[in-house]
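Me: I would like to learn how to read pockets and single residues in a model of this kind. Could you take me through it step by step?

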Amino acid sequence: MVPVGDQLPRGVCPSCEKIHYENPKVVTGCLVESESKVLLCRRAIEPRIGFWTFPAGYLEMNESTQAGAIRETKEEAGADVQIEQLYALFDLPYMSQIYMFYKASLQSFSFTASSETTEARFFSEGEIPWDQLAFKVVTETLNWFFEDRKTSDFAMHTMVINHPTLKKLSAPSST
């Protein structure tokens, strides 16, 4: 049903006429750098179990995107970080998600895997397991980061991903 004054069909309660909006999910996380290396976590949960990603997850109600990124980094990698800047913003309209990655610095060299990750590890650019990255948003962010690092100009990047681009892959072996 299209409510009066609206242009799109919405879920509307037939009894009280309250509109039930469905809105995109926000995923927030951190690209953590320390000593010229970046922190990646091997996923212990679906989707993409066994693949590497940034510590990130869904934003909670009543939480800022920065607070969510800090919380997710602590939950998934046991790392305390300080946010430096919003670094990458991805719109994925085909799956109604928005990804926000903050560039962050490690506050102490203490990190660990969690119930959502089997491993948390720092990688230099040459050590990144490029063929084992979980999501295109991680690959794109890392490409931007290593390119920006050459000039120390870390501008914010944005991208719209209009269709799924993942190949069906089995989980990589632990090595």
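**Glutamine 97 and the pocket**

Reply: Let us begin with one side chain in this predicted model: that of glutamine 97 makes a polar contact with the side chain of tyrosine 99, at 2.8 Å. A polar contact at 3.0 Å joins the side chain of glutamine 97 to the side chain of tyrosine 58.

Me: Is glutamine 97 buried or exposed?

Reply: Glutamine 97, which lies in strand β8, counts as buried because its relative accessibility is 9%, and buried means under 20%. Leaving aside neighbours within four places in sequence, its contacts include Pro24, Lys25, Val27 and Phe90.

Me: How does one find a pocket, and which residues are closest to the centre of the largest pocket?

Reply: Rolling a probe the size of a water molecule over the atoms shows where empty space is left. Here the largest pocket holds about 520 Å³ of space, and of its 28 lining residues the closest to the centre are Arg43, Pro47, Gln97, Tyr99 and Phe135. Two or more lining residues come from each of β6 (56-58), α1 (65-77), β8 and α2 (136-149), and by class the lining has 17 nonpolar, four polar and seven charged residues.

Me: Where is threonine 112 found, and why does it count as partly exposed?

Reply: Threonine 112 is in the loop between β8 (97-106) and β9 (117-123), and it counts as partly exposed because its relative accessibility is 44%, which falls between the 20% and 50% cut-offs. Beyond residues up to four places away in sequence, threonine 112 touches Glu76, Ala77, Gly78 and Ala120. Alanine 79 is 33 residues from threonine 112 in sequence, yet their C-alpha atoms are 7.3 Å apart in space.

Definitions and conventions: Residues numbered from 1 in each chain as written. Predicted model: local features only at pLDDT ≥ 70, side-chain atom pairs only at ≥ 80, totals over all residues. Heavy atoms only, no water. Helix = DSSP H or I, 4+ residues; strand = E, 2+ residues; numbered from the N terminus. Buried < 20%, exposed > 50% of the residue type's maximum accessible area, 1.4 Å probe, protein only. Contact = heavy atoms within 4.5 Å. Polar contact = N/O pair within 3.5 Å; in protein donor to acceptor, adjacent residues only side chain to side chain. 1 Å grid on protein atoms, 1.4 Å probe; cavity = no way out; pocket = protein on both sides within 12 Å on 5 of 7 lines; lining within 4 Å. Points joined across faces, edges and corners; volume = space filled by probe spheres on them. Nonpolar A, V, L, I, M, F, W, Y, C, P; charged D, E, K, R; others polar.
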